[in-house]
Amino acid sequence: MAGTSKTDQKAALDIASWLFNVVTSVGIILVNKALMATYGFSFATTLTGLHFGTTTLLTTFLTWLGYIQPSQLPWPDLLKFVLFANFSIVGMNVSLMWNSVGFYQIAKLSMIPVSCLLEVVLDKVRYSRDTKLSILLVLAGVAVCTVTDVSVNLNGFLAAAIAVWSTALQQYYVHYLQRKYSLGSFNLLAHTAPVQAASLLLVGPFLDFWLTNQRVDAYNFSFVSLFFLILSCSIAVGTNLSQFICIGRFTAVSFQVLGHMKTILVLVLGFTFFGKEGLNMQVVLGMLIAILGMIWYGNASSKPGGKERRSLSIPITKAHKLNSLSETAESDEKV
């Protein structure tokens with residue numbers, strides 16, 4: 001009975017974590033679309049820096065109140081994480097500028113195979129045949145929905161490759177650092193957000209000027225655009241936190257697979273609120289295929305042997321040895 005209760009509690013927390021991520025992620029996409037497309041605030045990298053700046057203010061305040069306990073994250077690991085995360089953000093922005101929308105979507109889809117490769121090589125994870133096939137079905141469905149024109153150039157390909165690998169490494173590192181140093185989601189965010197905010201706010205205005213030929217300091221704010229900017233920064237705190245929670249509870253691959261549900265949801269909401277232009281049988285078919293693939297993945301990966309870690313090769317520091325042993329047992333149950 002106790003085992004069943006614990007399983008039910010874990011399932012409820014998993015669902016709550018995922019819903020938190022979906023709501024905040026979809027919310028920030030819609031708010032940013034209004035801010036950038038309607039009000040012309042096209043400074044994506046600077047905006048991300050402001051997001052992490054707002055997150056830093058919250059984590060600092062919660063630390064001061066005592067809700068976030070002191071923890072340690074060595075500078076080499078912190079800088080490595082921030083390097084991957086910032087290259088991911090910059091790479092995605094440059095990739096979107098230099099590539100067609102179709103190739104940009106293909107690059108995003110390729111993150112799942114890359115994340116799988118990282119887990120296989122670094123964590124010795126083994127996938128069953130059904131799990132592999134379900135991932136391919138999700139990729140096929142989202143590709144049918146989103147990939148239209150596909151054109152490639154060398155600069156765009158290199159930018160996409162940097163974006164894909166850095167994003168996959170950043171998401172892998174979230175799970176890795178939480179297990180290695182027994183860090184909670186708020187703890188990890190408190191370590192990483194200030195460094196990301198400082199670096200992105202330093203580089204962002206120059207990168208955005210290069211991408212858009214517009215200066216962020218010359219932007220003419222209105223009351224409504226300022227409201228959307230504040231709303232975007234507020235929602236981003238939840239988005240950043242929920243990403244760390246989900247990857248900590250699941251894995252980078254599961255986060256990517258389930259993340260495509262957000263792609264489908266954004267498409268549905270886009271057709272609902274912004275008109276049905278582009279909605280056709282191909283898009284509907286792609287949505288159905290992707291949803292079936294996600295259901296299949298959830299079922300296949302949760303079965304014995306569906307996805308298992310053969311050994312956990314993470315060096316454990318003495319300070320975190322006991323906590324890491326308990327987290328190891330829990331992480332082997334994650335899908």
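Here's a quick briefing on the fold, two helix pairs and a few single residues in this chain. Keep in mind that the model is predicted. The chain has twelve helices and two strands, and buried residues make up 47% of its 335 residues.

**Overall layout**

- Reading from the N terminus, the elements go α-α-α-α-α-β-α-α-α-α-α-α-β-α.
- Take the contacts between residues at least 6 apart in sequence: 87% of them join residues at least 24 apart.

**Helix α5 on its own**

- Helix α5 covers residues 111-123, which is 13 residues.
- From first C-alpha to last, α5 reaches 17 Å, close to the 18 Å expected at 1.5 Å a residue.
- Which residues of α5 are buried? They are M111, I112, V114, S115, C116, L118, E119 and D123.
- Just after α5 comes K124, and K124 has a positive phi of about 55°.

**α5 against α7**

- Two packed helices are described by the angle between their axes and the distance between the axes.
- For α5 and helix α7 (residues 154-181), the axes come within 9 Å and cross at roughly 45°.
- That angle falls between the 35 degrees under which helices count as roughly parallel and the 65 degrees where roughly perpendicular begins, so α5 and α7 are oblique to each other.
- The crossing of α5 past α7 is right-handed.
- On the α5 side, the contact uses M111, V114, S115, L117, L118, L122 and D123. On the α7 side, it uses V164, W165, T167, A168, L169, Y172 and R179.
- Sorted by type, the residues of the α5–α7 contact are ten nonpolar, two polar and two charged.
- Some of these names also turn up among the buried residues of α5, including M111, V114, S115, L118 and D123.

**α8 against α9**

- Helix α8 runs over residues 185-212 and helix α9 over residues 223-249.
- Their axes come within 9 Å and cross at roughly 125°.
- How are α8 and α9 set relative to each other? An angle between 115 and 145 degrees counts as oblique, so α8 and α9 are oblique to each other.
- α8 passes α9 in a right-handed crossing.
- From α8, the residues that meet α9 are S185, F186, L188, L189 and T192. Their partners in α9 are N240, L241, F244 and I245.
- This α8–α9 contact splits into six nonpolar residues, three polar and no charged.

**P194, a proline in a helix**

- P194 sits in helix α8.
- Is P194 buried or partly exposed? Its relative accessible area is 31%, and buried would need under 20%, so P194 is partly exposed.
- G49 is 145 residues away from P194 along the chain, yet their C-alpha atoms are separated by 9.6 Å.
- Setting aside neighbours within four places in sequence, P194 is in contact with T56 and L189. L189 is also one of the α8 residues that meet α9.

**I289, another long-range link**

- I289 belongs to helix α11, residues 281-302.
- With 22% relative accessibility, I289 counts as partly exposed, because the buried class takes in values under 20%.
- In sequence, I289 and A140 are 149 residues apart; in space, they are 7.4 Å apart, C-alpha to C-alpha.
- Again leaving out neighbours within four places in sequence, I289 is in contact with L137 and G141.

Note on methods:
Residues are numbered from 1 along each chain as its sequence is written. This is a predicted model: local features need pLDDT of at least 70, side-chain atom pairs count only at pLDDT 80 or more; totals for chains, interfaces and linings use all residues. Side-chain values use heavy atoms; hydrogens and water are left out. Axes are lines fitted to C-alpha atoms, for helices over the stretch in contact, and angles run from 0 to 180 degrees between N-to-C directions. Helices (H or I, at least four residues) and strands (E, at least two) are DSSP runs, numbered from the N terminus. A crossing is left-handed if the near helix is turned anticlockwise from the far one by less than a right angle, and right-handed if clockwise. Contact means heavy atoms within 4.5 Å. Ala, Val, Leu, Ile, Met, Phe, Trp, Tyr, Cys and Pro count as nonpolar, Asp, Glu, Lys and Arg as charged, and the others, Gly among them, as polar. The expected span of a helix is 1.5 Å times one less than its number of residues. Buried means under 20% relative accessible area, exposed over 50%, partly exposed in between (1.4 Å probe, protein chains only).
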